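Me: I'd like to go through this model helix by helix and ring by ring. Can you take my questions one at a time?

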Amino acid sequence: MSGTILWQRVEGALVFAAGLALFAASPAELSWGWALALFFAPDLSFAAYAIGPRAGAAAYNAVHLYALGALCLALGILLAAPLLGALGALWLGHSGFDRMLGYGLKSRRGFNETHLGRIGRAQLPR
């Protein structure tokens, strides 16, 4: 693993921790059960791979950007909408969690090709 990828995974871990801390500090009344379900909800975007790798990558990447979770979090704070802020914190935390584990933004070539390198089992030579 290159140093750059390692730092991006460390960054993901920090974003994950910050997202969870922000959620925990949120005044939103959301049970931890719902929070867990909503935390993993962005991964439903992989269903767009049924259309093809380009659509799948576009959908997955759109919901796994740090900026969109941060935007929801900021809007929740600015609009005094605790639920929106809590959802933004969970969304941000989810994106960091994925990056921490090495699941980066996807390439059009396929789900296993990411900006952090290939995920999954290595292809064995035939």
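What follows is a short run of questions and replies on helices, rings and one loop residue.

Me: Before we start, what kind of model is this, and which pLDDT do side-chain atom pairs need?

Reply: Residues are numbered from 1 along each chain as its sequence is written, and side-chain values use heavy atoms, with hydrogens and water left out. The model is predicted, totals for chains, interfaces and linings use all residues, local features need pLDDT of at least 70, and side-chain atom pairs need pLDDT 80 or more.

Me: How far apart are the end C-alpha atoms of helix 1?

Reply: Helices here are DSSP runs (H or I, at least four residues; strands are E, at least two), numbered from the N terminus. The expected span is 1.5 Å times one less than the number of residues. Helix 1 has 23 residues and should therefore span 33 Å, which agrees with the distance between its end C-alpha atoms, 33 Å.

Me: Which residues of helix 1 are buried, and what covers them?

Reply: Buried means under 20% relative accessible area, exposed means over 50%, and partly exposed is in between (1.4 Å probe, protein chains only). In helix 1 the buried ones are Gly12, Val15, Phe16, Gly19 and Phe23. Their cover includes helix 2, helix 4 and helix 5.

Me: Which geometry does the aromatic pair of Phe23 and Trp32 have?

Reply: Rings of Phe, Tyr and Trp (its six-membered ring) pair if their centres lie within 6.5 Å; planes under 30 degrees apart are stacked, over 60 edge-to-face, and the rest tilted. There are 6 aromatic pairs in the structure. For Phe23 and Trp32, the centres are 5.0 Å apart and the planes 80 degrees apart, which makes the pair edge-to-face.

Me: Is Trp32 buried or exposed?

Reply: Its partner Phe23 is buried, at 5% relative accessible area. Trp32 has 58% relative accessibility, so the word for Trp32 is exposed.

Me: How many residues apart in sequence are the parts that Phe40 and Phe97 tie together?

Reply: The ring centres of Phe40 and Phe97 are 6.1 Å apart with planes at 80 degrees, so this pair is edge-to-face. Phe40 sits in helix 2 (residues 32-40) and Phe97 in helix 5 (residues 82-100), so the parts tied together are separated in sequence by 57 residues.

Me: Which side of helix 4 do its buried residues take up?

Reply: Helix 4 (residues 66-78) has Tyr66, Gly69, Cys72, Leu73 and Gly76 buried. They cover an arc of only 140 degrees around the axis (taken from the directions from the axis to the C-beta atoms), so they lie on the same side. The face turned away from that buried side carries the exposed residues Ala67 and Leu78.

Me: Which residues does Gly96 touch, leaving aside neighbours within four places in sequence?

Reply: Gly96 is in helix 5, and at 0% relative accessibility it counts as buried. Contact means heavy atoms within 4.5 Å. By that cut-off, the partners of Gly96 beyond those neighbours are Gly12, Ala13, Val15, Phe16 and Tyr66.

Me: What is the phi of Ala80?

Reply: Ala80 belongs to the loop between helix 4 and helix 5, and at 67% relative accessible area it is exposed. Its phi is positive although the residue is other than glycine, at a value near 50 degrees.
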